[in-house]
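Reader: I'm new to this one. Could you show me how to read its aromatic rings?

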Amino acid sequence: MINKKPRYIVIMESVQEYIAKNNLKAGDKLPTEQELINEFGVSRATVRQAMQELEIEGIIKKIHGIGTFVEEERMNIQMQGFFSFSEESKQSNERYETKILEFKKTRDVPSKVFKKLEIADNSEVILIERLRFINMEPVLLEITYIPAYYYKSPLPKKFNYDSLYDFIREFGVKKLEGKEKLLPYLATNDEANKLLVDKKTPLLRFTRVLKEENPVEYSISILKPGKVRIQTIIERTL
């Protein structure tokens, strides 16, 4: 049977099969453009189109003057429902961990926090600041504010929850809904230091307010691109 697929797609599939068959890992070198030209009998433009598509998909990485390599796996963020680093990380083969930077009750927060949580100015809130890592590299800084009236007892000395929502379940909250916004963002000095990037590095900033009847959570998540891939699930009835 004649293969009617475009030649660049045939090359893309062949490269992916080569990676799987040889059990290649991130950083392993792949065949050169000339080797692919010779193998498939196609033009350099066709090979470059195939490799460009693979690079866009995050499968390979080209380093000018050195070669083409297997790219590191990226964690997928599904933009359906709200983003949870812990839950998304469990779907990945990457090693992830969390460092708790702050976990306390406080009134010393920006004034907009009270407005977002619909509570009186200078009310007490629970502040949770977490730095999330993939393969020991910091990739996400999360700052969460929760009205303190949800947790009337003294807070535990440590935040020992894998997911924020394991903690929130203790409040008796059954269902959360709200909105999440995603905006390009330039790192502040503090964020750059924590995420180990240069000052003013472009980042992605998620903000969300989730409610049951009243606001339960206001979170700001500062994401360093490169280790993640954002996917959206689209559905429309026609």
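Author: Let's start with the overall build and then turn to the rings. Keep in mind that this is a predicted model.

Reader: Sure. How many helices and strands does the protein have?

Author: Seven helices and ten strands. Of its 238 residues, 42% are buried. The protein exposes about 14600 Å², with 48% of that coming from carbon and sulfur atoms. And if you take contacts between residues at least 6 apart in sequence, 59% of them join residues at least 24 apart.

Reader: Okay, now the rings. What describes a pair of aromatic rings?

Author: Two things: the distance of the centres and the angle of the planes. Searching the whole structure turns up eleven aromatic pairs. Take Phe159 and Phe167: their ring centres are 5.6 Å apart and the planes sit at 70 degrees, so this pair counts as edge-to-face, the cut-off for that being over 60 degrees.

Reader: And are those two buried or exposed?

Author: Both Phe159 and Phe167 are buried. For Phe167, the relative accessible area is 0%.

Reader: Which kind of pair do Tyr161 and Phe167 make?

Author: A tilted one, because the planes of Tyr161 and Phe167 are at 55 degrees, with the ring centres 5.2 Å apart.

Reader: Phe167 keeps coming up. Which residues form one aromatic cluster?

Author: Phe167 belongs to it, along with Phe103, Tyr149, Tyr150, Tyr151, Phe159, Tyr161 and Phe171. So when you look at the model, try picking out Phe167 and then finding its partners Phe159 and Tyr161.

Conventions. Residues are numbered from 1 along each chain as its sequence is written. This is a predicted model: local features need pLDDT of at least 70, side-chain atom pairs count only at pLDDT 80 or more; totals for chains, interfaces and linings use all residues. Side-chain values use heavy atoms; hydrogens and water are left out. Rings of Phe, Tyr and Trp (its six-membered ring) pair if their centres lie within 6.5 Å; planes under 30 degrees apart count as stacked, over 60 as edge-to-face and the rest as tilted. Buried means under 20% relative accessible area, exposed over 50%, partly exposed in between (1.4 Å probe, protein chains only). Helices (H or I, at least four residues) and strands (E, at least two) are DSSP runs, numbered from the N terminus. Contact means heavy atoms within 4.5 Å. Accessible areas come from the Shrake-Rupley method with a 1.4 Å probe; for residues, only the protein chains shown count as cover.
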